[in-house]
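The following note sets out several points for a colleague who has the sequence and the model at hand. It is arranged as numbered paragraphs.

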Amino acid sequence: MYRYGASTRSSNSRLPQTFLLLLVLALIIVSVGLGIAYTRATKSGGNTRATLLNRIQSEVHAAQSGAYALTQTSGSRAPAQLAAVRQHIYAIRTVNDLCNALLGSPMVNEATISACIAYLDEGNTRMEKGQVLASTYQDLRNAIELLQTELAPVQP
């Protein structure tokens with residue numbers, strides 16, 4: 001009977017060790033790559049949040065300025081200013097929906113945005129009927145200020 005020498009047995013046992021070593025190295029490389037990708041994604045998510053927050057704050061500020069101007073305007077400019085405030089409120093809703101879709105949570109409460117839109121609709125209705133708009137404009141200003149206070153604790 002033929003016996004294999006010691007050198008043949010050691011080369012057979014080195015093959016699985018070499019394979020395991022290569023497998024461990026490949027797993028380390030993959031882990032490092034995933035760590036780098038996760039870090040980049042986390043930074044990107046933070047940048048996205050900060051960008052959306054800045055945009056929504058800008059729109060709230062513009063809507064707030066427009067609502068203040070409504071209380072001081074004459075009747076001829078009121079429809080255009082009311083439409084401008086509506087555009088800002090719709091932009092706030094759009095950015096808020098983006099925040100909810102991309103980040104998993106909205107920046108402001110949807111009910112507050114809906115209240116602003118309801119006051120805008122009431123303002124249009126009263127304007128068409130020729131009714132007094134002071135209380136509606138004040139309610140709109142208060143709702144927009146509530147949007148501002150909801151944004152205050154939000155950090156990028």
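**Note on helix packing and salt bridges**

1. The model is predicted. On helix 4, the face turned away from the buried side carries the exposed residues Ala134 and Thr149. The buried residues of this helix are Thr136, Tyr137, Leu140, Arg141, Ala143, Ile144, Leu147 and Leu151. Viewed down the axis of helix 4, these buried residues fall within an arc of 165 degrees, so they line one face of the helix. As general background, an α-helix has 3.6 residues a turn, so residues three or four places apart point the same way.

2. Helix 4 covers residues 134-151, which is 18 residues. From its first C-alpha to its last, helix 4 reaches 26 Å, close to the 26 Å expected at 1.5 Å a residue.

3. The largest nonpolar core has 27 residues. Those that touch the most other members are Ile56, Ile89, Ile92, Leu140, Ile144 and Leu147. Helix 1 (6-70), helix 2, helix 3 and helix 4 each supply at least two residues of this core. Leu140, Ile144 and Leu147 also appear among the buried residues of helix 4.

4. Which residues does Ile56 touch, leaving aside residues up to four places away in sequence? The contacts of Ile56 are Ile92, Val95, Asn96, Met107, Val108 and Leu151. Of these, Leu151 is listed among the buried residues of helix 4, and Ile92 is named among the core residues that touch the most other members.

5. The count of salt bridges comes to 4. One of them joins Asp121 and Arg86, with the closest N and O atoms 3.0 Å apart. Asp121 lies in helix 3 (residues 110-129) and Arg86 in helix 2 (residues 78-103), so this pair ties together parts that are 35 residues apart in sequence. The two partners may be set side by side: Asp121 is partly exposed at 38% relative accessibility, whereas Arg86 is buried, with a relative accessible area of 14%.

6. Arg93 forms a salt bridge with Glu110, and the closest N and O atoms of this pair are 2.6 Å apart. Arg93 belongs to helix 2 and Glu110 to helix 3, so the pair ties together parts that are 17 residues apart in sequence. Arg93 is partly exposed, with a relative accessible area of 23%, and Glu110 is partly exposed, at 31%.

7. How far apart in helix 3 are Glu122 and Arg126? They are 4 residues apart, about one turn of the helix. Glu122 and Arg126 form a salt bridge in which the closest N and O atoms are 3.4 Å apart. Glu122 counts as partly exposed at 28% relative accessibility, and Arg126 is partly exposed, with a relative accessible area of 24%.

8. Two further residues of helix 2 merit inspection. Gln81 is placed in helix 2 and counts as buried, at 16% relative accessibility. Not counting residues up to four places away in sequence, Gln81 touches Ala69, Leu70 and Thr73. Pro79 is also found in helix 2 and is partly exposed, with a relative accessible area of 40%. The C-alpha atoms of Pro79 and Gly123 are separated by 9.2 Å, although these residues are 44 residues apart along the chain.

Technical notes: Residues numbered from 1 in each chain as written. Predicted model: local features only at pLDDT ≥ 70, side-chain atom pairs only at ≥ 80, totals over all residues. Heavy atoms only, no water. Expected span 1.5 Å × (residues − 1). Buried < 20%, exposed > 50% of the residue type's maximum accessible area, 1.4 Å probe, protein only. Arc of directions from axis to C-beta. Salt bridge = Lys/Arg side-chain N within 4 Å of Asp/Glu carboxyl O. Core = buried A, V, L, I, M, F, W, Y, C linked by side-chain atoms within 4.5 Å. Contact = heavy atoms within 4.5 Å.
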